[in-house]
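Colleague: I am new to this one. Please walk me through how you reach your conclusions.

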Amino acid sequence: MDICHKCGNPQIIIKRKQSGQMLCQECFIKSIQEKVLKDIRKQKLIKKGDKVLVALSGGKDSVMVLDILNSLRKRRIIDLVAVTINEGISGYRDEGVRIAAQNAEKTGVEHRIVSFQDYVGHTLDEIMATSGDRNACTYCGVFRRWILNQIAREENATKIATGHNLDDETQSILMNYLEGNIHNLTRIGACSDSGYEGFTPKIKPLREIPEKETALYTLARDLPVHLAGCPYAGDSFRAKIGTFIKQISQDHPTIMYSTLRGFDKIKPVLKKEFSQKGSMGVCRICGEPSTGEICKACSFRRLWDDE
């Protein structure tokens, strides 16, 4: 009979294919929380006194980040603020915003809701309707980072925590390998700190947690989450890579861990050889940090202003 390898409970909820470990609900929750907090200490992602801004979409990953970091807030180790960005995706985003607010209220964490419409002047739907470009992820990623960085400064946050999990990280590594984006590879990691004034470091507390375990964690903890997938994700290169990794993981259950471990070993060499240390200034339009006269977000915004 299958029993929990920690306590002997016969009511197991997971059998980890990569290790064979079986856990009951209580031991699974505890193992995940301990793993995430251990990784935070190991990678030195957070220090006492930090104010962490959680990018809270309402999806399973960001909800899990909020839940676990809130344990540090309740012990008065850190302060938290949550921010939800409404990109303006019809039929999809409103439910995520509602669930994000529900989780913030449940934890008692201060919560801000902002929108592309307010910051960019256009919803993502409007951008995609007029740009003639199918790659919504490019616009969404640039504007989300631009907005989060501004809000982090407004809130005096010292870190920005995102819900990137093991699947997301291995997708990023493989995507950039395949596209030959060596410079981008030098910036992948548990903490993205450019070292430039004006940029708030971004941390990934779930970097070593598989996506299916983030989903199971929110279910085991009975946390409300937004399960719908982004309607723009289907055509993306990331989605195709994600499908490939899921398929190959069926026969090779440790492949994502080995991809991550291998990358972390060669990253110091990549950084030494390929990091670009250009001069950093500020965008003459918005005042955000930028390597050029105009930042990427403002260069996109000017495209629509000129039309």
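Colleague: What share of the contacts in the chain joins residues 24 or more positions apart?

Modeller: The model is predicted. Among contacts with a separation of 6 or more, 70% are between residues at least 24 positions apart. A contact here needs heavy atoms within 4.5 Å.

Colleague: What makes the chain as compact as a globular protein of its length?

Modeller: Start with the elements: twelve helices and ten strands. The radius of gyration is 20 Å, and the globule rule gives 19 Å for 307 residues; the two values are close, so the chain is as compact as a globular protein of that length. Along the principal axes, the C-alpha trace spans about 70 × 45 × 40 Å.

Colleague: How many of the residues count as buried, and what does the chain expose?

Modeller: Buried means under 20% relative accessible area. By that cut-off, 48% of the 307 residues are buried. The chain exposes about 15,900 Å², and carbon and sulfur atoms supply 50% of that area.

Colleague: Which residues of helix H9 are called buried?

Modeller: H9 covers residues 211-220. Glu213, Thr214, Leu216, Tyr217, Thr218 and Ala220 are its buried residues. They pack against strand S1 (12-15), helix H1 (25-43) and helix H2 (60-74). After H9 comes Asp222, with a positive phi near 60 degrees.

Colleague: How far apart are the mean positions of the positive and negative charges?

Modeller: They are 7 Å apart, for 46 positive and 38 negative charges.

Terms used
Residues are numbered from 1 along each chain as its sequence is written. This is a predicted model: local features need pLDDT of at least 70, side-chain atom pairs count only at pLDDT 80 or more; totals for chains, interfaces and linings use all residues. Side-chain values use heavy atoms; hydrogens and water are left out. Buried means under 20% relative accessible area, exposed over 50%, partly exposed in between (1.4 Å probe, protein chains only). Helices (H or I, at least four residues) and strands (E, at least two) are DSSP runs, numbered from the N terminus. The radius of gyration is taken over C-alpha atoms; the globule rule is 2.2 Å times the number of residues to the power 0.38. Accessible areas come from the Shrake-Rupley method with a 1.4 Å probe; for residues, only the protein chains shown count as cover. Lys and Arg count as positive and Asp and Glu as negative; His and the chain ends are not counted. The place of a charge is taken as NZ of Lys, CZ of Arg, CG of Asp or CD of Glu.
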